[in-house]
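Trainee: Could you take me through the cysteines in this one? I'd like a close look at how they pair up and where they sit.

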Amino acid sequence: YQRRVRVLSLMQILTIFSLLLLCFLCKVSANNTTGCGAKTSCGDCTGDLNCVWCHNDGFCEDGDYWGTSCGGWRWAQCEADGETLLIVELCAAGAIVLICLCCVIRCFCCRRRRKYESQAEYTQLDTDPGETRSAHPRTDEQRKRIYEKYGLA
């Protein structure tokens, strides 16, 4: 039970983080303004989240997280190619989704295995041939002990 709670809380955190990131990216895209052409350096251009620095051509233009049509664009930083970062981020997001999916599948498999193990324990109990089997063997054993203790059996 504790493992399942941890997996669900991790999935909830990842879902909330993904939604916040998506909202941030949509907000940046929606607030795209003009005035980027007046910026002459990569630092000035990438300081504005509505601008993209075209590294190959050396000018600033309107753009967002998803880039622009110029080659070698940089968004919010001057160190790495925007296209490369976008691919790396999408791969990381895919890896997180795969990890979450594996955790969910493992959780369901463990639950199923525990169910079969408890059924195996149940079928291995020694019972009288005349007795009917119950879904709760431990409770039956406790009830039997109480009956014997008070002479009700």
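Mentor: Sure. One cut-off before we start: a residue counts as buried when its relative accessible area is under 20%, as exposed when that area is over 50%, and as partly exposed in between. Keep in mind too that this is a predicted model.

Let's begin with cysteine 45, which is buried because its relative accessible area is 0%. Cysteine 45 is bonded to cysteine 60, with the two sulfur atoms 2.0 Å apart. The torsion about that S-S bond is 75°, making the link right-handed. The bond ties together distant parts of the chain: cysteine 45 belongs to helix α2 and cysteine 60 to strand β2 (residues 59-62), 15 residues apart. Cysteine 60 is tucked away as well, being buried at a relative accessible area of 5%.

Next comes the pair of cysteine 36 and cysteine 51, a disulfide with its sulfur atoms 1.9 Å apart. This one also connects distant parts of the chain, since cysteine 36 lies in the loop between α1 (2-30) and α2 (42-47) while cysteine 51 lies in strand β1 (residues 51-54), with their positions 15 residues apart. Here the S-S torsion is about -80°, so the disulfide is left-handed. Both ends are out of reach by our cut-off: cysteine 36 is buried, with a relative accessible area of 1%, and cysteine 51 is buried at 0%.

Now for cysteine 42 and cysteine 78, joined by a disulfide with an S to S distance of 2.0 Å. Again the bond links distant parts of the chain, from cysteine 42 in helix α2 to cysteine 78 in the loop between β3 (73-74) and α3 (82-124), 36 residues apart. The torsion about this S-S bond is about -120°, so this disulfide is left-handed. Its two ends differ in cover: cysteine 42 counts as buried at 15% relative accessibility, whereas cysteine 78 is partly exposed, with a relative accessible area of 30%.

How does the whole pattern read? The count comes to 4 disulfides, including the ones I've just walked through. If you number the bonded cysteines in sequence order, the pairing runs 1-4, 2-8, 3-6, 5-7.

Then there's cysteine 103, which is a good one to check by distance. A disulfide needs the two sulfur atoms within 2.5 Å. For cysteine 103, the closest cysteine sulfur is that of cysteine 100, and it sits 6.3 Å away, so that is too far for a bond. As for cover, cysteine 103 is partly exposed, with a relative accessible area of 28%. Cysteine 91, on the other hand, counts as exposed, at 52% relative accessibility.

So, back to where your question started: cysteine 45, in helix α2, is bonded to cysteine 60 in strand β2, and that link is the right-handed one at 75°. Helix α2 also holds cysteine 42, whose partner is cysteine 78 in the loop between β3 and α3. Put those beside cysteine 36, which sits in the loop between α1 and α2 and pairs with cysteine 51 in strand β1, and you have a picture of what's bonded around that helix.

Terms used:
Residues numbered from 1 in each chain as written. Predicted model: local features only at pLDDT ≥ 70, side-chain atom pairs only at ≥ 80, totals over all residues. Heavy atoms only, no water. Helix = DSSP H or I, 4+ residues; strand = E, 2+ residues; numbered from the N terminus. Buried < 20%, exposed > 50% of the residue type's maximum accessible area, 1.4 Å probe, protein only.
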